[in-house]
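Let's take a friendly walk through this chain, strand by strand. Have the model open beside you and turn it as you read.

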Amino acid sequence: MSTIATRLSRLLLLVASATVGVAAADGGTITGKVEATPAKYLEETVVYLKGPKGAVKPEVKVMDQRAMAFIPHVLAITLGDTVKFQNHDGVVHNVYSPDNEGVNLGSFKQEEERSYTFGQEGSYSQLCSMHPEMLAYVFVSPTPYKAVVDKKGSFTISNVPPGTWQVAVWNSRLKAADKSVTVVAGQTVTVNLAVKR
Ligand SMILES: [Cu+2]
């Protein structure tokens, strides 16, 4: 091969690898709004993608206990993530969930914390055996592409790999059919969903 041809093929290789790198890093955005009927259950809603799963680096998320409540009220995590439960109240709290594999972290006092790695996809109602009014939800998503809706029902899921994916909704009491959405790199696609009985 002549020197010029060698240089040209090297240059083409460089351009090709750079293009692939940009495409892999450059995801799209899914945004939209969830409407709930009845509306009072709207805040207990998570929008998530059923795929792509891919390789996910586990993270540690926090659920606090403060002023006799779990904070946040709904925590969305990815399967493999660990939740650190804290207690910032002057009283002892217990942390348990009867759902899926069942969880009981026992009782612990102010400034103590205990961690748990949830074993299954889906929702866990999060309770305290001493204070029946304390209720929250941990939603374990099969993918890292998930969002808890805000007070108006709006959500945004960023950095989604390009492709066609199933958008699903979890709500503590209501249901919605999945929707198929096609994500294009660098673009935002809007998906509106309705949850009802
Ligand atoms: Cu408690």
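## Strand E1 and its partners

Let's begin with one pairing: Thr29 has Thr188 in E16 as its bridge partner. That contact belongs to a set of three bridges joining E1 to strand E16 (residues 188-190), and the two run parallel. Please keep in mind as you look that this is a predicted model.

E1 spans residues 28-36 and has two faces. Gly28, Ile30, Gly32, Val34 and Ala36 make up the covered face, while Thr29, Thr31, Lys33 and Glu35 lie on the uncovered one. Strand E13 (residues 154-160) is another partner, joined to E1 by five bridges in the antiparallel sense. To find this pairing on screen, look for Gly28, whose bridge partner in E13 is Val160. E1 also pairs with strand E17 (residues 193-195), in the parallel sense and over three bridges. Here Glu35 stands opposite Ala194 in E17.

## The whole chain

Now step back for a moment. The chain has 197 residues, and 29% of them are buried. Its secondary structure consists of one helix and 17 strands.

How do the contacts spread along the sequence? If you take contacts between residues at least 6 apart in sequence, 61% of them join residues at least 24 apart.

## An antiparallel sheet of four

Next, find the open sheet whose four strands follow the order E12-E2-E14-E15, paired in antiparallel fashion. Its edges are strand E12 (146-148) and strand E15 (179-183); each has a single partner strand, so one side of each is left without a neighbour in the sheet. On average, neighbouring strands of this sheet are turned by 25 degrees against each other, direction ignored.

At the E15 edge, the pairing can be followed residue by residue. Strand E14 (residues 163-171) and E15 run antiparallel and are joined by five bridges. Trp165 is a handy landmark, with Val181 in E15 as its bridge partner.

## A mixed sheet of four

Another open sheet also has four strands, in the order E4-E3-E6-E9, but here the pairing is mixed. Strand E4 (69-71) and strand E9 (113-117) are at its edges, and because each has a single partner strand, one side of each is left without a neighbour in the sheet. Neighbouring strands in this sheet are turned by 25 degrees against each other on average, again with direction ignored.

Within this sheet, strand E3 (residues 60-66) runs parallel to strand E6 (residues 82-86), and four bridges join them. You can spot the pairing at Val62, which stands opposite Lys84 in E6.

## A closer look at Asn94

For a last stop, go to Asn94, which sits in strand E7 (residues 93-97). Why does Asn94 count as partly exposed? Its count is 17 other C-beta atoms within 10 Å, whereas a buried residue would need 20 or more and an exposed one would have 12 or fewer. Asn94 therefore falls in between.

Which residues does Asn94 touch, leaving aside its neighbours within four places in sequence? The contacts are Gly106, Ser107, Cys128, Ser129 and Met130. Ser107 deserves a second look: Asn94 and Ser107 are 13 residues apart in sequence, yet their C-alpha atoms are 4.0 Å apart in space.

Terms used: Residues numbered from 1 in each chain as written. Predicted model: local features only at pLDDT ≥ 70, side-chain atom pairs only at ≥ 80, totals over all residues. Contact = placed C-beta atoms within 7 Å. Pairing = 2+ DSSP bridges. Axes fitted to C-alpha atoms, helices over the stretch in contact; angles between N-to-C directions.
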